[in-house]
2 protein chains.
Amino acid sequence: MTTHLQRLQQHLHQTRLLGSISSTIYYDQNTSMPAAGAPWRGEQLALLAGQLHTRQTSSEYAELLDAAETELGAEATQEQRRNLQLLQLELKRQRCLDPQLVSAITQAQSRGNAIWQAARARNDFSAFAPALKELIELRRQQASQLASAESIARSPWEILAQPFEPDVSKARLNQLFTPLKRELPVLLERAAARPQSPPSAQLSENSQNKLCAKLLQSWGYNESCCQHARSAHPFSCTLGPQDFRITTRVVPGQPLSAFLATAHEWGHSLYEQGLPRSGDHYFPWPLGDATSMGVHESQSLFWECRVARSKEFAGRWHPHFCAELGSDPWNGSTGFWRSLNPLQPGLIRVEADELSYCLHIVLRFELELALIEQELPVEELPQHWNQRLHELLGIKPANDSEGCLQDIHWAEGLFGYFPSYALGHLISAQLAEAMENALGGDGAIATAISAGQESTLLQWLNQNVYPLGRSVNSEELVEKVSGYPLSADPFLRYLNQKCGSDV
Amino acid sequence: MTTHLQRLQQHLHQTRLLGSISSTIYYDQNTSMPAAGAPWRGEQLALLAGQLHTRQTSSEYAELLDAAETELGAEATQEQRRNLQLLQLELKRQRCLDPQLVSAITQAQSRGNAIWQAARARNDFSAFAPALKELIELRRQQASQLASAESIARSPWEILAQPFEPDVSKARLNQLFTPLKRELPVLLERAAARPQSPPSAQLSENSQNKLCAKLLQSWGYNESCCQHARSAHPFSCTLGPQDFRITTRVVPGQPLSAFLATAHEWGHSLYEQGLPRSGDHYFPWPLGDATSMGVHESQSLFWECRVARSKEFAGRWHPHFCAELGSDPWNGSTGFWRSLNPLQPGLIRVEADELSYCLHIVLRFELELALIEQELPVEELPQHWNQRLHELLGIKPANDSEGCLQDIHWAEGLFGYFPSYALGHLISAQLAEAMENALGGDGAIATAISAGQESTLLQWLNQNVYPLGRSVNSEELVEKVSGYPLSADPFLRYLNQKCGSDV
């Protein structure tokens, strides 16, 4: 006889099939679909989204979940309990939302995106302000409806951040960000005195593709379960338990952009490839999922920053880049390493390096709180943005397009997401220290990279980080692996060393 | 108020969305998916197939169809009547099938395919025979269940052929094939005396891709609604009303294969792109569909054979091929043209040229009839295949792998499909004569090709053939466009001229 638990697993399996169909056509949209296919693709995605929402909120599903819980009773293993708990929480969240609000948010997001595109192109914040106001208001309503699903008291912003970073709080973020606000500007000032990186070289698309393929090969790319394609914006996605895709793109005039993006997206993919896939960690159970956006980002940043931007890696890859170019515009591997690490403040978040990136996040985190919880008038956003950016990074945007209009997140009402990017840096650094200790102490990672033995690093992650899935949240994961609570110290130690190592 | 007709259109719209989602993930499977993704992809496709089947056979849909018919009553336009008629026929067919039989066929197909792959690899027909027997038996049952949906009496084979070639009959095929059986062997004998085509050249993958892209550009490829990718077997598909894909592949040692496959698949796609898309010909209505496999094939064959294998085309493209090679292995454009037209009988259908192709089809048509309707024991298939092939083409296969095990169709129980390939040749030739007359008479097509004016040919097809959609069946289409019933004469005239033009 089929148990309720088995039936629940079948239900989740089918939900995951539908979700992965949606991901597959999204992937096609961004890698293959001709432009004129967009309206029809939009309808296909909306149809699947509707089916998924119905499956995930139906009373049949709710009853199945309850029945499985009752059936297991006291017999439930810790893993089963955690799976059911996470599913119940998600269901509770979905079901306490008014469907009219969900639909209003979807429409406002799509409108917000379109208005933002035009406003950014015309550099006209006032055109975007009403849409942003509406999105803030709708998200506040959403947070208020979601409050009843929370087991502890959370502020509206905290509620909105839960899907990205489970159990995150403002107080904890302030605690983690305070040393960053204090130390990073000092490091930036120190870095300003270092020799400038040489002017950028022109590297053909073909050469960049060759170098990216070489990188993936050396980092365990297996074409039987992976696929690398081109898209306008790099991303990584999982389309089935054995089907992993990453995409990158070549930016004219930026010889290192595709290479670093490949390292970054491959880091995301390695985490997904290493997630547990059997028993209670079976693909469609929550335990088989990534635990948070912050942890996901930590894995991409480890390979992009800690490995690919390291001196040892620069030393190994400098000859390959020179061979493709037929010359050495960097005057040696130190110049090449400097090109990989500009260490100079800039206006644009997605182009920021490790020293200034987290300050861009602090800015957004503070302004989101002001907008969502502290009644900051939307009209005043640009002036606050510019002033605070100047305090944090010492620079001012010439206009709002390179200021508060630069990111897509708010245009889609995505509040609560930004801090995960900064957490990714902190988590990556703390896990890397744990890795270093485990692999033999000071310099062990650098030694492995020098020797082209990144497989040692991957093996450690595959044994100590990836298999945890969602059995722990991000803070628990860090403490479990490193032995102490998440802190900004390892990240700052790492940056201090990086800045100090330049001559 | 929403009318029943509008609700019906919404239903069809959503069905088409689902169908095109399925096509999109099938496309991804064949162009991008890593091999290990196959089992999950199979489950995704099965899930969508189940959803589609439910939508297409539900009582709600049946009632909606009846309600729309009643609502329109005598007011219905001819187009509306035809749409409803075609939908009712399809529904009737789906609903008179026992779901258990449908499921048994699906399973037998998948089993048959696997057994056939192994049997073909080991050249062991006896291993495949039991699976083929089962498929024949299941298809006979299917034909018997489907008989009640037919408005006129049809034999089992004819019933199975209806989905591919609506209204086709054995008598009509015999009538059309008789002159082919008489004339083609004579032409083959004449062609045997012509100068041999020179040995094949090695053309790099990059060069082949360049030439294919150049061909597509010159034939109106528009990247805003088309996408060209690589796959193991070339195919063409439509993923949305403005989203057309074709795939080809480079075969090592065959410099013309990808080029001709591109011409062929692009011909399929041009037909799809030219189908009517508004009013009663709206995308999800039957009238917006291709009318038969034979007509579809006629459009791919027109561009592949009539255009790309013509002397004029060879004259224009010979320099491009030589430029890519840096030499002329064909000793001039006549040699190049001969390479495009081997005109020699071979064992393999998919490699056959215009002279022998239809004889391969005659062989399969006769044997299908014998298996389905005349109690030919499956065990005797190889001996009948070999004997009849020798009568038709004067050659004998060394083993069953290059004989009756070569095609996938029977391995999946696909009976009734093969004749459409031959009909494609006949239809293409008859429509081409009509085109020639309309464009100025004898030699008009050749003149257009010489001048690089294939757009003239496309324009004529876009005005006279493509917009008909499914408003007529294939025979009606041919008669409407050419002024007289489908006949083998234009095809034989065309081949006579082709054979006679060689020196």
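User: How many residues does each chain put into the contact?
Analyst: Chain B gives 36 residues and chain A gives 36 residues. Contact means heavy atoms within 4.5 Å. This is a predicted model: local features need pLDDT of at least 70, side-chain atom pairs need 80 or more, and totals for chains, interfaces and linings use all residues. Residues count from 1 along each chain as written, chains are lettered from A in the order written, and side-chain values use heavy atoms, without hydrogens or water.

User: What area do chain B and chain A bury between them?
Analyst: About 2,900 Å², with 65% of it on carbon and sulfur atoms. That is accessible area (1.4 Å probe) lost on putting the two parts together, summed over both.

User: How many salt bridges across the interface?
Analyst: The rule finds 4 between chain B and chain A. It asks for a Lys or Arg side-chain nitrogen within 4 Å of an Asp or Glu carboxyl oxygen. B:Arg245 pairs with A:Asp28, closest N and O atoms 2.8 Å apart.

User: Which element supplies the largest share of chain B's side?
Analyst: α1(B), with 11 residues. Helices here are DSSP runs (H or I, at least four residues).

User: Switching to α18 of chain A. Which residues are buried there?
Analyst: In α18 (residues 454-464), A:Glu454, A:Leu457, A:Leu458, A:Trp460 and A:Leu461 are buried. Buried is under 20% relative accessible area (1.4 Å probe, protein chains only).

User: Why do they line one face of the helix?
Analyst: Down the axis of α18(A), the buried residues fall within an arc of 160°, so they line one face. The arc uses directions from the helix axis to the C-beta atoms.

User: What do they pack against?
Analyst: Several helices of chain A, including α10 (257-274) and α16 (419-438).

Technical notes: Helix = DSSP H or I, 4+ residues; strand = E, 2+ residues; numbered from the N terminus. Buried < 20%, exposed > 50% of the residue type's maximum accessible area, 1.4 Å probe, protein only.
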